[in-house]
Amino acid sequence: MSDATDEPLLVRAEAVLSRTEDCRAPTEPETYDGLRGTELDREIGEIDALLAEIDGGPAVTVARLEARLGLLLCVRFVLGGADEDRVRAQDLLAAARQYDVLSERERDTTRKQLIVLLARRLSGVMRDPSEPLDAATVQRMMRMGRPGSQGLHGYAEDIQLLYRLAVEAGVAEQFPDPVRQLLGTLDSFAAVRMDDRESVAGVAEELREKSVLLPGPMRHVMETAAMLMRDGASSPASPGSSLFPDPPGARDEGGAEEESDDSGLPEFLALLEATLPQSVRSEEVPALIDRLSQPDAPSSSRMAAVALQVTLGMRTGNLGHLRSALAQLQNVAVSDEFADEGQDLRLRGMLSILLMLAGETGGSLLDTEAAEDLLEGLSAVPADGDGGAMRVLADCLRVQLRLRKLQETRDLAATDQLIDELHDFDTGPLTEAGMPGVLGYTLGYAYLSRAYLSGSRADMHQAVTHMRDAMESLGGLAAFETLSDMNAVPVHGLAALLGSDPEELRQGLRRTRSVLGKPGVTFDFEVKTRVSLAIGLEILHLRTGDPDLMDEGVTELETACRLLPPEGAPDAQSVYWLYASRLADRAAARPGTAPAAE
């Protein structure tokens, strides 16, 4: 290229660079008053023409033109949303931010514009994590998480790049630690092959571990996704295939168009709603149950429907949901789907839990006895065998039922034998499932039963230690968070009776009271929570002598009695008795007053 032709090109290049020097992609397009429309199109066309003509020219000029073209295309994408502008802008800006021939200021500008571009794209698919989910939203979220290298839209890679840019800019340290940990899993997630069981299981475990400190709803979504990924990795079907469906129109290796497989989404939504009520749009729930309960649905789908129906029955007090779930399990029981030992264990475990719930939420003693028979009928696990997490859960439930009976018979020796059994349990399966606190809670309950029989403070200390550890462990899982919060008062109340600081009990009361404001709390659960609060307030009154605490306790019990259904409930008698007892205590403490007359 001769000097005669070089100069006009370089002059034109400097001119367009000068004219667009102050142009930046807006973070708020509605307030943008810079270059746009035909004027912006003209500048983009001019730089395109210059780059075509200047091939082989000065490297610094070419680099500056490419960076500026990426910036202007970024502006046009933010204002107009054309995907071809985004793709070109992202390629140009991503390359330009690493050009050594550019100044540090120019590279910094390029990096910031790339951040604006990525943030703008991702903001279009993000949602408020507090809003209930539906199938379309979940499907979009799952596709977002699947890498572009696997045929999707590349959102996962964009999130990776955005995080790398934050690291380069030195602002990544400002992100909350759990967010940084979760973003650190993106490399693993982008590299995972959905047909590689070991790879899927590994990523699922990493996802579960690192999502633990996220806000409740988002954490619960991540934990449920991790659980399904882990379960899918151990199933005969292709792991992860139905949870991360292909987009409509995706093509296989031979070029043939494939149908989108969303078979895992209803199960995912059902488990979300069952373990965190009101996380799914209420109008979608009946259709979920109907689809998952079809006779030709996989057993895992029907079990998810059962779990959802149990939750609905508990939440609404409608025993029809519990009866439907029981009928579904009975239909499964007579089929040969659960012939192998592992599936039989799952069925028996679900049946026993369902019958226990039915017995304690308006059913009968026969339900509870049927649950006991099912649990006692479980075959023994060989000494070198692994019954899995469900087996340990079933055994924990069986121990708790036995302990209730032993409190009635006051058999201390048999209680000690059960405690020894619990200490011998293999904790591995529950730890792998993220639920070691279940065994800890059962141990605490066992020592509390022993303390009831022996009157030993040492046993009470053991009970408090195990239950406190279990409460914190289970509180790390979104599905157990509410249960853990409800148990804060009983655990801290026991500790207060043993001499701990009353302030700990006050904190426990605040934590347990927070349960009442959570969505989906059942009438039965609220009654139990208010009774726990009343007992905790009584203990705090004994420790501090504050008379106002008696009034608070009476108010909680009055509300609990009002919540009981007119047809009665299994706990009704004990709630009314406790209410009357607290009224009598208050009357004795304040003779001659209106409360005493009541």
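Let's start where two helices meet: L40, D41, E43, I44, I47, D48, L50 and L51 in α2 touch V62, L65, E66, R68, L69, L72, L73, V75 and R76 in α3. This is a predicted model, and its protein chain has 29 helices and zero strands. Below you will find that helix pair, a second one, some totals for the chain and a look at the cysteines.

**The α2/α3 pair**
- Helix α2 covers residues 37-53 and helix α3 covers residues 59-80; their axes come within 10 Å and cross at roughly 150 degrees.
- Angles over 145 degrees count as roughly antiparallel, so α2 is roughly antiparallel to α3.
- The crossing of α2 past α3 is left-handed.
- If you would like to trace the contacts yourself, the α2 side includes I44 and I47, while the α3 side includes L69 and L72.

**The α27/α28 pair**
- Further along the chain, helix α27 (residues 548-563) and helix α28 (residues 572-589) have axes that come within 9 Å, with a crossing angle of roughly 155 degrees.
- These two helices are therefore roughly antiparallel to each other as well.
- Here too the crossing is left-handed, with α27 passing α28.
- From α27, the residues in contact are M550, D551, V554, L557, E558, A560 and C561.
- They meet V575, Y576, L578, Y579, R582, L583, D585, R586 and A589 in α28.

**The chain in totals**
- The protein chain has 598 residues, and 47% of them count as buried.
- About 28,600 Å² of the protein chain is exposed, with 53% of that area supplied by carbon and sulfur atoms.
- Among contacts with a separation of 6 or more, 62% join residues 24 or more positions apart.

**Cysteines**
- A disulfide is a covalent bond between the sulfur atoms of two cysteines.
- The cut-off for a disulfide is a pair of cysteine sulfur atoms within 2.5 Å, and the count for this model comes to zero.
- For C74, the closest cysteine sulfur is the one in C23, and at 9.4 Å it is too far for a bond.
- C74 counts as buried because its relative accessibility is 0%, below the 20% cut-off.
- C561, which we met above among the α27 residues that contact α28, also counts as buried, with a relative accessibility of 9%.

Key: Residues numbered from 1 in each chain as written. Predicted model: local features only at pLDDT ≥ 70, side-chain atom pairs only at ≥ 80, totals over all residues. Heavy atoms only, no water. Buried < 20%, exposed > 50% of the residue type's maximum accessible area, 1.4 Å probe, protein only. Helix = DSSP H or I, 4+ residues; strand = E, 2+ residues; numbered from the N terminus. Contact = heavy atoms within 4.5 Å. Areas by Shrake-Rupley, 256 points an atom, 1.4 Å probe, with all protein chains shown as cover. Axes fitted to C-alpha atoms, helices over the stretch in contact; angles between N-to-C directions. Parallel < 35°, antiparallel > 145°, perpendicular 65-115°, else oblique. Left-handed = near helix turned anticlockwise from the far one by under 90°.
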